Amino acid sequence: MATKKIEKSQWESYFNEWNKKYREGQLPKRKVQIEIVNQELGDQVETFWQELIGLSYDPKDDVFEVAAERHDHLIHKPTEIYVEEENGDLKAVEVVQWDGTKNIISFKVE
């Protein structure tokens, strides 16, 4: 597996392209878990294994969104995004917020 940093100028198109493949069934359905890592608060799991609906970045509002079956997770003012890929598919995403908080988005194929 390879981890790479996605440049901010590519965030919207990268996740739009991935979502299109996901919605069209070119990629397997998966569940998502969101873990938040913050130096002051420690590690906290915000969402335990729910069906993933999609991932997106809105440059106008500067918000990264993880949409799950029963949870909508918004990350305001992200500064860095790293993706872990294998065979052209996402295995994990790490989004760093403006305050240094890390949002670790893990996937498991159903």
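## A residue-by-residue look at a predicted protein model

Gly42 is partly exposed, because its relative accessible area of 26% falls between the 20% under which a residue counts as buried and the 50% over which it counts as exposed. The model in which this glycine sits is a predicted one, and every value below was computed from it. Gly42 belongs to strand S3, and once its neighbours within four places in sequence are set aside, it is in contact with Ile36 and Val37. Gly42 is also 59 residues away from Thr101 along the sequence, while the C-alpha atoms of these two residues are 9.8 Å apart in space.

### The whole chain

To place such single residues, it helps to look at the whole protein, whose secondary structure consists of one helix and eight strands. Read from the N terminus, these elements follow the order β-α-β-β-β-β-β-β-β. The protein is as compact as a globular protein of 110 residues, because its radius of gyration of 13 Å is close to the 13 Å that the globule rule gives for that length. Taken along the principal axes, the box filled by the C-alpha atoms comes to roughly 40 × 30 × 25 Å.

Of the 110 residues, 39% count as buried, and the protein exposes about 6500 Å², of which carbon and sulfur atoms supply 45%. Among contacts with a separation of 6 or more, 46% are made by residues 24 or more positions apart. As for charge, there are 15 positive and 23 negative side chains, and the centres of these two sets lie 4 Å apart.

### Polar contacts between side chains

Three polar contacts, each joining two side chains, are set out here.

| Side chain | Partner side chain | Distance |
|---|---|---|
| Lys4 | Glu85 | 3.5 Å |
| Asp89 | Arg30 | 2.8 Å |
| Asn103 | His73 | 2.9 Å |

Lys4 lies in strand S1, which covers residues 2-6, and with a relative accessible area of 38% this lysine is partly exposed. Beyond residues up to four places away in sequence, Lys4 touches Ile81, Tyr82, Val83 and Glu85, and the last of these is also its partner in the polar contact of 3.5 Å. Lys4 and Ile53, which are 49 residues apart in sequence, have C-alpha atoms 23 Å apart in space.

Is Asp89, a residue of strand S7, buried or exposed? Asp89 counts as buried, because its relative accessibility is 7% and the limit for being buried is under 20%. This aspartate lies in the strand formed by residues 89-97, and, not counting residues up to four places away in sequence, it touches Trp18, Leu27, Pro28, Arg30 and Glu84. Of these, Arg30 is the residue whose side chain makes the polar contact of 2.8 Å with the side chain of Asp89.

Asn103 is found in strand S8, residues 102-109, and it is buried, with a relative accessible area of 1%. Apart from residues up to four places away in sequence, it touches Glu35, Ile36, His73, Ile75, Val93, Glu94, Val95 and Gln97. The side chain of His73, which is in that list, is joined to the side chain of Asn103 by a polar contact of 2.9 Å.

### Residues in the loops

Pro28, already named as a residue that Asp89 touches, lies in the loop between helix H1 (11-23) and strand S2 (30-38). With a relative accessible area of 36%, Pro28 is partly exposed. Leaving aside neighbours within four places in sequence, Pro28 is in contact with Tyr22, Asp89 and Val109. The C-alpha atoms of Pro28 and Glu110 are separated by 7.6 Å, although these residues are 82 positions apart along the chain.

Two further loop residues can be described by their backbone angle phi. Most residues other than glycine have a negative phi. Asp62, however, has a phi near 55°, which is a positive value, and this residue lies in the loop between strand S3 (42-58) and strand S4 (63-68). Asp62 is buried, with a relative accessible area of 18%. Lys77 likewise has a positive phi, near 55°, and is located in the loop between strand S5 (71-76) and strand S6 (78-86).

Note on methods. Residues numbered from 1 in each chain as written. Predicted model: local features only at pLDDT ≥ 70, side-chain atom pairs only at ≥ 80, totals over all residues. Heavy atoms only, no water. Helix = DSSP H or I, 4+ residues; strand = E, 2+ residues; numbered from the N terminus. Rg over C-alpha atoms; globule rule 2.2 N^0.38 Å. Buried < 20%, exposed > 50% of the residue type's maximum accessible area, 1.4 Å probe, protein only. Contact = heavy atoms within 4.5 Å. Areas by Shrake-Rupley, 256 points an atom, 1.4 Å probe, with all protein chains shown as cover. Lys, Arg positive; Asp, Glu negative; His and termini not counted. Charge placed at Lys NZ, Arg CZ, Asp CG, Glu CD. Polar contact = N/O pair within 3.5 Å; in protein donor to acceptor, adjacent residues only side chain to side chain.
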